[in-house]
Structure formats: structure tokens, C-alpha cells
Amino acid sequence: MPFDFSRIAAQIDDLAREVPRGGPDEFAPLREAYATVDTGELVARLTDPRNKHSWMPARPDVSFNRAYPAPAAPPDFGVIATDGSFILPDRHSPARFYLINIGRVHLHYGSRPDAHLSSTAELRYREQELQVDGRIPVNATLLGMRRAADELAALAAAAEGVPRPAVALQDGTLILWSLSGQDEAVKGWVLADFLDALERLRERGIPVASYISFPGGKDATDALRIAACDYPGRGLPINCDACRAERDLPACHVIPNVPDRHLFAHIARLGPGERSDVFASASKILREYGEHAIHFFYLQTGTEIARVEIPAWVASHRPHLDLVHALVYDQCRRGRGYPSVLQEAHEQAVIGADERRVVEQLVEEALARLGLVMLRSGKDASKRGRFV
Amino acid sequence: MRIGEVIETSTVGFWAESERLHQLPPLGALVAVALPDGATLYGVVAFGQTAGVDAGRRAVRRGTDQVFDGAIYDQHPELLRILRTTFQAITVGYAGPDGRARHHLPPWPPPLHYSVQECDRATVAAFTEAPGYFAILAASEGEVAAEQLLAAHIRCVYDRRGRDTAWLNAAGQQVARLLKRDYDRLLTVLEAIDPGVEKYEVQSTKYELGGAANGSGGENGRAGKNGYGDVPF
């Protein structure tokens with residue numbers, strides 16, 4: 001038997017008990033911390049270079065604990081989105097290539113409703129496409145980041161012909177977390193196009209945002225930990241290492257280990273359409289983003305708390321921010337809890353199992369025409385032709 | 001007038017996708033595909049449906065108290081691109097480059113992606129002049145019962161021919177001839193054509209309406225076609 005379910009059944013029960021349920025008193029300290037946070041003091045602590053901590057705390061742009069109702073959508077507006085999927089380079093195949101398929105969707109609402117849906121697939125097989133800087137092979141992680149850059153470039157290109165007001169949307173995060181710690185050549189390979197696309201969207205006057213459903217980020221609760229630290233009250237700079245050496249339970253222990261979505265659902269109790277305050281992410285990779293550094297807010301979509309990420313130039317320009325807020329909420333309502341435009345972009349991008357097989361077959365046929373018989377690795381052949 | 005494009009094809013019929021969502025020829029209408037060799041293939045619309053382009057995506061309710069019916073399409077413009085209307089036609093004959101109608105199956109199916117046209121009055125009149133092709137419809141085993149399809153076709157053609165009573169008479173006689181061994185099926189067809197012409201048709205085929213009609217003609221008909229109960233009436 002390949003998989004023993006009975007072994008994990010008991011562990012699944014334990015796991016379920018670990019999930020926070022947010023009873024009325026379970027998070028009383030968190031509720032207290034959220035209600036009483038002093039934004040000025042918190043920002044001072046977050047920007048004081050003497051403070052050393054291991055968290056990734058969000059820095060509030062204006063205030064921390066206010067809620068903003070969704071502004072009305074303009075009478076005529078557009079939303080555009082792109083999404084991508086790829087076929088990874090196959091280590092077991094003699095032909096080295098990968099494929100990126102980008103789906104594009106423009107939905108227009110108002111007096112003349114219309115929709116444009118399309119996708120473009122691109123096969124990449126040249127040496128400079130398979131290796132970054134001629135030495136770093138493109139693997140799944142790198143390809144994921146390359147796709148993010150390609151999606152955003154396609155979004156900026158799509159925005160060229162779209163009338164304003166419009167919002168450009170992406171699924172997932174605008175923070176290229178996995179770029180941290182990568183070789184400088186890889187950073188350049190991804191970031192140059194990524195930031196160029198953000199710049200083109202800014203010049204076009206179309207605010208861009210990314211949408212994260214069921215977000216796992218803890219940036220805001222981490223900030224509450226910084227606010228709860230008692231070191232500054234004792235006249236000391238924040239220092240987590242010193243604190244841990246000093247005692248078992250630090251002062252910030254009162255803040256439970258829950259994601260931000262829990263904070264904004266059960267503590268802030270955002271109503272349908274309401275957004276949180278806007279925060280700046282503390283991700284180190286954003287130092288490379290310049291004026292496109294990513295900020296975010298949480299939005300009650302009617303069905304869940306989603307995280308919406310925006311570049312600094314959207315966060316600081318209230319008309320852009322309000323348009324993103326209004327249109328993302330509007331999209332969630334039209335799409336039964338998830339933006340319609342992202343749903344359709346995904347549908348355009350997805351490469352089905354049949355299509356993957358056809359691509360593989362076409363490559364094999366092309367090789368055969370040149371007299372190259374496709375030899376698969378023994379391991380791959382055994383997986384394809386399973387026998388007993 | 002081009003109304004669709006062939007997206008699935010076979011010797012006995014084809015599926016077409018409508019040019020525009022929700023716009024398809026009526027059940028029983030005569031449609032044509034112009035073939036590359038100059039011949040024209042004729043089919044009778046036997047089924048229609050509107051569903052997601054991607055078969056894996058089912059339609060969900062979109063309406064609210066304020067937005068319903070046609071307004072839903074304005075509020076969800078992508079629906080015009082992700083839904084499609086398709087219809088199935090049963091091939092009933094063809095006309096060679098000489099224009100002579102032949103009421104039997106053509107040697108080849110129509111090519112994929114060719115245009116499907118709705119037939120004008122003159123074409124309908126020419127092809128349906130003799131109802132010899134009714135046998136193909138009577139033997140069809142699609143989603144729509146053969147009796148309903150025959151009746152829908154006769155209604156369509158009768159109308160397209162300018163309410164041609166002489167043709168309706170001949171059509172009724174042809175149906176009676178085809179279903180002479182199955183009174184229930186025959187009755188189902190005749191009742192479905194038009195209550196106003198029912199009496200006329202029944203008299204012409206020497207059958208009488210009455211207690212024998214039990215409404216289960218379709219069942220009997222299917223049994224007959226399958227070879228299990230082809231009992232003489």
C-alpha cells in the first residue's frame with residue numbers, strides 16, 4: 001500500500017485542535033493591543049535604527065486601527081489582469097525548453113460593457129533563456145519569479161490601450177520574496193522587467209494591485225509585538241536576543257501567533273467592503289524596489305479577509321487607493337468572493353494536462369523530423385509506463 | 001445567412017457553434033453547409049444548448065434583486081466570451097453542383113469549421129418539395145424524441161413555405177406511411193404538429209383519435225426502433 005492513512009488520522013485531529021478559533025476571550029490581549037496602539041510611538045520604534053528584532057513588522061502609513069468603507073465605483077471603468085502558467089524544463093527530456101503562457105483579460109463596465117480575453121504562449125529554448133548569466137540554470141523557483149515579471153510586463157502592455165479609470169490586477173503577491181538571497185544576476189534578470197512594468201503602469205496612470213486570498217502574512221500582528229515590547233519603557237532599545245536571554249516569556253508574548261487576516265476579521269471586525277489602514281511591508285527585498293516599494297491593506301470582500309498589495313505611488317495617492325479599494329471589492333462581489341477578472345485571467349493562462357502532452361508530442365515530432373529519436377530517461381520511462 | 005460554424009462533424013450530422021450567444025435556428029429548421037466541391041449539404045436542427053466554453057465550468061446563479069435577466073450580461077461582460085451557444089443538426093440530404101436535391105446521406109461529412117447557413121424560403125421550398133427524407137428524422141435517436149423533431153420540422157417548413165396546406169397534407173401522409181405500424185408514435189407526431197390540422201391528417205391516414213391514445217407513443221417508438229417491440233398496430 002503506497003500511503004497509510006491510518007497513521008496520520010490521529011495527527012490530523014491534533015492539528016485541527018491547534019487551529020485558533022478566536023473565542024471571545026481567547027485573544028483579549030490582542031484586542032486590547034489593537035485598540036490602544038499608539039501609531040506615532042510604533043512608527044518611532046520601527047524606524048529607530050538602534051532597535052534589533054527578528055520580526056517582519058508592518059509600518060502603518062497613517063494610522064493602525066481605522067476601517068474605511070468601500071468608495072463607490074465610477075460609472076464607467078475597466079479592470080485588467082494577467083496570469084501565467086508554465087511548463088518547466090524537463091530534466092528527463094533531451095530537448096531543453098520551458099514554456100510560459102500568459103492570459104490577459106480586460107473587462108469594461110458601464111455604458112458599453114465589453115470583455116477581451118486572450119492568451120499568448122512562448123517557448124524559450126535559447127541558451128541565454130535557459131541559463132541566467134550563462135551559469136545559473138533556470139529552475140522552478142527562478143521560473144516562478146520570471147513568470148511574475150512576464151505577467152507584470154504583459155499587464156503594463158495591456159494597460160496601454162485601456163481607457164481610464166481602470167485598475168490593473170495580479171493574483172498573489174507583488175513582493176518577490178524568493179528573490180532575497182539570490183545571485184545579483186538573478187535579481188537583475190527578474191527585477192529590471194518587473195520594476196519597468198510598474199513604472200509603465202504609473203506613467204499610464206493606472207493603479208496596480210495584487211490580490212491575495214486567505215493571506216498568511218503576520219506583518220500587522222508582528223507590529224503589535226513591537227508595540228507591546230517593554231524595553232523602550234525601560235529606556236532600552238528593542239533587542240530580541242537580549243530579551244530572550246533575560247527571561248522565558250517576553251512582554252510581546254501576549255500577542256498570539258495568528259495571521260493578520262484573523263486580526264482584521266475577529267478583532268478589527270471589518271464589515272463587507274471595508275478595508276484596513278495601509279501598511280508598508282518590511283521585506284528586505286523591497287529595498288531594491290525604490291519608489292515602487294510595496295504597501296498593503298486588508299479588505300473584507302464579503303466572504304473573507306483578503307490582502308491587497310500596492311506600490312507606494314498607489315498607497316500615497318488617495319484617488320488611486322480609493323479606486324483600487326472600490327474596484328477590487330466590486331470585482332469580488334461580481335465574482336462571488338474572488339475577482340472575476342483574476343478568475344478569467346487564470347482560465348486563460350492555465351495549461352491543461354492534454355495541452356502539456358500535445359506540446360511534448362510536437363517537440364518530439366520536430367526532433368524526429370531532424371532524425372533525432374527522443375530518448376527518455378529510464379526513471380521517466382518507468383513513471384510513464386507503470387507496471388506490476 | 002451565416003449562423004454558425006461546424007465544430008464537430010460526422011457522416012450522420014454535425015454540431016455548430018452559433019455566431020452569437022443565444023442566437024440559433026429553431027428546432028426543426030433546415031440549415032445548409034456549402035461544401036468545397038460546390039455541393040450543398042442539408043441538415044435539420046435537432047438540438048441546441050448554451051453552456052460554458054470550458055465543459056468543466058458550470059454556470060452559477062448571477063442574478064440579484066436589482067440585476068437579473070439581460071442586465072446580468074452587462075454586469076458580467078465576460079459571459080459573452082466564456083459562454084457559447086451550440087446546436088446539432090441531423091444530415092438529411094444534399095444537392096450536387098447541379099442543384100438537384102438528394103434525400104439520402106452524402107458520401108462525406110461536412111468539413112470542420114465551415115459555415116452553417118440558415119436556408120431561405122426558396123431553398124427550403126426546393127429541398128422539402130418531396131418529404132422523402134422524413135425517414136432519416138423518424139429514425140433519429142438524439143436528445144429530442146424523433147416524434148417531436150419530425151413535428152417541429154414540419155411546423156417550421158409549413159411556415160417557411162407560406163403555410164402551404166398541400167405540402168402539409170403530403171407531409172402528414174408521409175409521416176403516416178413511416179409510422180403506419182405504430183399508432184402511438186404517429187399520434188404523438190400529429191398532435192405535436194398543430195391541433196388545428198390534426199383532424200385533417202388523421203382522416204387522411206384512416207386512423208381515428210380516441211381512447212387508444214395513451215400518450216406513451218414515445219416509449220413504444222423507442223422500443224420499436226431498438227428492435228424489441230416492432231409490433232404491427
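**Exercise 1. A salt bridge within chain B**

Which residue forms a salt bridge with B:Arg2, and how far apart are the closest N and O atoms?

Solution. The model is a predicted one.
Step 1. The partner of B:Arg2 is B:Glu19, and their closest N and O atoms lie 2.9 Å apart.
Step 2. Place both residues: B:Arg2 belongs to strand β1 (residues 2-9) of chain B, while B:Glu19 sits in the loop between β2 (13-18) and β3 (30-34) of chain B. The pair, 17 residues apart, links distant parts of the chain.
Step 3. Classify the exposure. B:Arg2 has 35% relative accessibility and B:Glu19 has 44%. Because partly exposed covers values between 20% and 50%, B:Arg2 is partly exposed, and B:Glu19 is partly exposed.

**Exercise 2. Two salt bridges inside helices of chain A**

Describe the salt bridges A:Glu41 to A:Arg45 and A:Asp241 to A:Arg244, with the exposure of each residue.

Solution.
Step 1. For A:Glu41 and A:Arg45, the N to O distance is 2.8 Å. Both residues are in helix α3 (residues 39-47) of chain A, 4 residues apart, about one turn of the helix.
Step 2. A:Glu41 is partly exposed at 34% relative accessibility, whereas A:Arg45 is buried at 12%.
Step 3. For A:Asp241 and A:Arg244, the N to O distance is 3.7 Å. The two are separated by about one helical turn because they are 3 residues apart in helix α8 (residues 240-246) of chain A.
Step 4. A:Asp241 is exposed, with a relative accessible area of 59%, and A:Arg244 is partly exposed, with 48%.
Step 5. Set these pairs in context: the count over all chains is 37 salt bridges. A network of salt bridges also links A:Glu122, A:Arg124, A:Arg146, A:Asp150 and A:Asp193.

**Exercise 3. The interface of chain B and chain A**

Describe the interface by its residues, its buried area and its polar pairs.

Solution.
Step 1. Count the residues: 12 from chain B and 13 from chain A take part in the contact.
Step 2. State the area: about 1,100 Å² is buried between chain B and chain A, and carbon and sulfur atoms give 49% of it.
Step 3. Look for charged pairs. The interface of chain B and chain A holds 3 salt bridges. B:Arg57 forms a salt bridge with A:Glu344, with 2.8 Å between the closest N and O atoms.
Step 4. Add the polar contacts: 5 residue pairs across the interface, both residues at pLDDT 80 or more, are in polar contact.
Step 5. Examine the side of chain B that touches chain A. At least two of its residues come from each of α1 (70-75) and α2 (79-82) of chain B. By class, this side has 3 nonpolar, 2 polar and 7 charged residues.

**Exercise 4. The nonpolar cores**

How many residues does the largest nonpolar core have, and which have the most contacts inside it?

Solution.
Step 1. The largest nonpolar core has 71 residues, and those with the most contacts inside it are A:Phe194, A:Tyr289, A:Val308, A:Ile310 and A:Val324.
Step 2. Helix α5 (residues 140-159) of chain A gives the most to this core, namely 10 residues.
Step 3. Take A:Val324. Neighbours within four places in sequence set aside, A:Val324 contacts A:Val167, A:Pro207, A:Ala209, A:Phe297, A:Val308, A:Ile310 and A:Val314.
Step 4. Another core, of 33 residues, lies apart from the largest one and includes B:Ala32, B:Val92, B:Cys119 and B:Leu190.

**Exercise 5. One buried and one partly exposed residue**

Locate B:Glu147 and A:Arg318, then give the exposure and partners of each.

Solution.
Step 1. B:Glu147 lies in helix α5 (residues 146-160) of chain B. With a relative accessible area of 4%, B:Glu147 is buried.
Step 2. The side chain of B:Glu147 is joined to that of B:Arg185 by a polar contact of 2.4 Å.
Step 3. A:Arg318 lies in helix α11 (residues 318-334) of chain A. Its relative accessibility is 44%, so A:Arg318 counts as partly exposed.
Step 4. Not counting residues up to four places away in sequence, A:Arg318 touches A:Tyr68 and A:Arg275.

**Exercise 6. The chains as wholes**

Summarise the secondary structure and burial of each chain.

Solution.
Step 1. Chain A has 14 helices and 11 strands, and 46% of its 388 residues are buried.
Step 2. Chain B has 9 helices and 7 strands, and 45% of its 233 residues are buried.

How values were computed. Residues are numbered from 1 along each chain as its sequence is written. Chains are lettered from A and ligands numbered from 1 in the order in which they are written. This is a predicted model: local features need pLDDT of at least 70, side-chain atom pairs count only at pLDDT 80 or more; totals for chains, interfaces and linings use all residues. Side-chain values use heavy atoms; hydrogens and water are left out. Contact means heavy atoms within 4.5 Å. Buried area is the accessible area (1.4 Å probe) that two parts lose on being put together, summed over both. A salt bridge is a side-chain nitrogen of Lys or Arg within 4 Å of a carboxyl oxygen of Asp or Glu. A polar contact is a pair of N or O atoms within 3.5 Å; within protein, one must be able to donate a hydrogen and the other to accept it, and residues adjacent in sequence count only if both atoms are side-chain atoms. Ala, Val, Leu, Ile, Met, Phe, Trp, Tyr, Cys and Pro count as nonpolar, Asp, Glu, Lys and Arg as charged, and the others, Gly among them, as polar. A nonpolar core is a set of buried Ala, Val, Leu, Ile, Met, Phe, Trp, Tyr and Cys residues joined through side-chain atoms within 4.5 Å. Buried means under 20% relative accessible area, exposed over 50%, partly exposed in between (1.4 Å probe, protein chains only).
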